[in-house]
Amino acid sequence: RQSKFTNMLSCNEDEHVTRLSALLEDKRGKEKEIKTLNEQLCECRAKDILSECKANGNIAVVDLGAVDMAFMTMLSTAVLEKIGNSDGILLLFVAGPDDMDEGSFLLAGEAALVDKVGKDTAKMLAGRGGGRNGRFQGKGTKIRSGL
């Protein structure tokens with residue numbers, strides 16, 4: 001095992017700790033870079049979603065493709081911050097592999113409105129979920145065909 005580990009790290013045994021520390025530091029730097037790029041991407045996407053929301057009576061439905069819940073949350077926060085006041089606003093984000101109808105969803109906006117339609121949205125998407133404070137998230141088996 002030791003020789004396999006040494007091969008994987010491309011160094012001799014005396015340098016394992018140093019090499020592993022450098023790799024972990026590099027990983028942390030890449031994660032920060034990815035987070036910054038995701039934030040910039042969210043800012044760009046937020047402008048488009050804001051336009052859609054205004055054109056459709058304060059409602060936007062966005063299929064984000066294969067992204068995770070953290071990205072959907074970051075994007076919904078960016079859109080709601082740009083709007084300023086979430087009164088009457090309802091945003092529905094769906095995400096999952098492009099070739100599948102199964103995935104995650106996030107409903108965000110005015111807290112009372114999200115509370116009122118959250119469970120029905122989950123049912124419409126053949127899923128379940130929960131939430132509070134203007135956010136309702138879950139998973140469904142008809143995230144695209146249920147729209």
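**Exercise 1. Classify Phe 5 by its accessibility and place it in its surface surroundings.**

Solution. Phe 5 has a relative accessible area of 34% in this predicted model, so it counts as partly exposed. The value lies between the limits of 20% for buried and 50% for exposed. In terms of secondary structure, Phe 5 belongs to helix H1. On the surface, Phe 5 joins Leu 20, Leu 23 and Leu 24 in a nonpolar patch of about 310 Å². Helix H2 supplies the largest share of this patch, with three residues.

**Exercise 2. Determine whether Thr 6 is buried or exposed, and list which residues it touches beyond four places in sequence.**

Solution. Begin with the location: Thr 6 is a residue of helix H1. Its relative accessible area is 16%. Because buried means under 20%, Thr 6 is buried. With residues up to four places away in sequence left out, Thr 6 is in contact with Cys 11, Asn 12, Glu 13 and His 16. Of these contacts, His 16 is also listed among the buried residues of H2.

**Exercise 3. Test whether the distance between the ends of helix H2 agrees with its number of residues.**

Solution. Helix H2 comprises 40 residues, 16-55. The expected span is 1.5 Å times one less than the number of residues, which gives 58 Å for H2. The C-alpha atoms at its ends are 58 Å apart, so the expected span and the model agree. After the helix comes Gly 57, with a positive phi near 65°.

**Exercise 4. Identify which residues of H2 are buried and what covers them.**

Solution. The buried residues of H2 are His 16, Cys 42, Ala 46, Ile 49, Leu 50 and Cys 53. Next, consider the spacing within a helix. An α-helix has 3.6 residues a turn, so residues three or four places apart point the same way. The cover over the buried residues of H2 includes two helices, H1 (2-9) and H3 (69-83), together with strands E1 (59-63) and E2 (90-95).

**Exercise 5. Find how many aromatic pairs the model contains, and classify the geometry of the rings of Phe 105 and Phe 136.**

Solution. The count is one aromatic pair. The ring centres of Phe 105 and Phe 136 are 6.2 Å apart, and their planes meet at 20°. Planes under 30 degrees apart count as stacked, so this pair is stacked. Phe 105 is part of strand E3 (residues 103-109), while Phe 136 is part of strand E5 (residues 135-140); the pair therefore ties together parts 31 residues apart in sequence. As for accessibility, Phe 105 is buried at 0%, and Phe 136 is buried at 6%.

Terms used:
Residues are numbered from 1 along each chain as its sequence is written. This is a predicted model: local features need pLDDT of at least 70, side-chain atom pairs count only at pLDDT 80 or more; totals for chains, interfaces and linings use all residues. Side-chain values use heavy atoms; hydrogens and water are left out. Helices (H or I, at least four residues) and strands (E, at least two) are DSSP runs, numbered from the N terminus. Buried means under 20% relative accessible area, exposed over 50%, partly exposed in between (1.4 Å probe, protein chains only). Contact means heavy atoms within 4.5 Å. Patches are made of residues with over 30% relative accessible area and no salt bridge: like charges are joined within 9 Å, nonpolar side chains (Val, Leu, Ile, Met, Phe, Trp, Tyr) within 5 Å. Accessible areas come from the Shrake-Rupley method with a 1.4 Å probe; for residues, only the protein chains shown count as cover. A salt bridge is a side-chain nitrogen of Lys or Arg within 4 Å of a carboxyl oxygen of Asp or Glu. Rings of Phe, Tyr and Trp (its six-membered ring) pair if their centres lie within 6.5 Å; planes under 30 degrees apart count as stacked, over 60 as edge-to-face and the rest as tilted.
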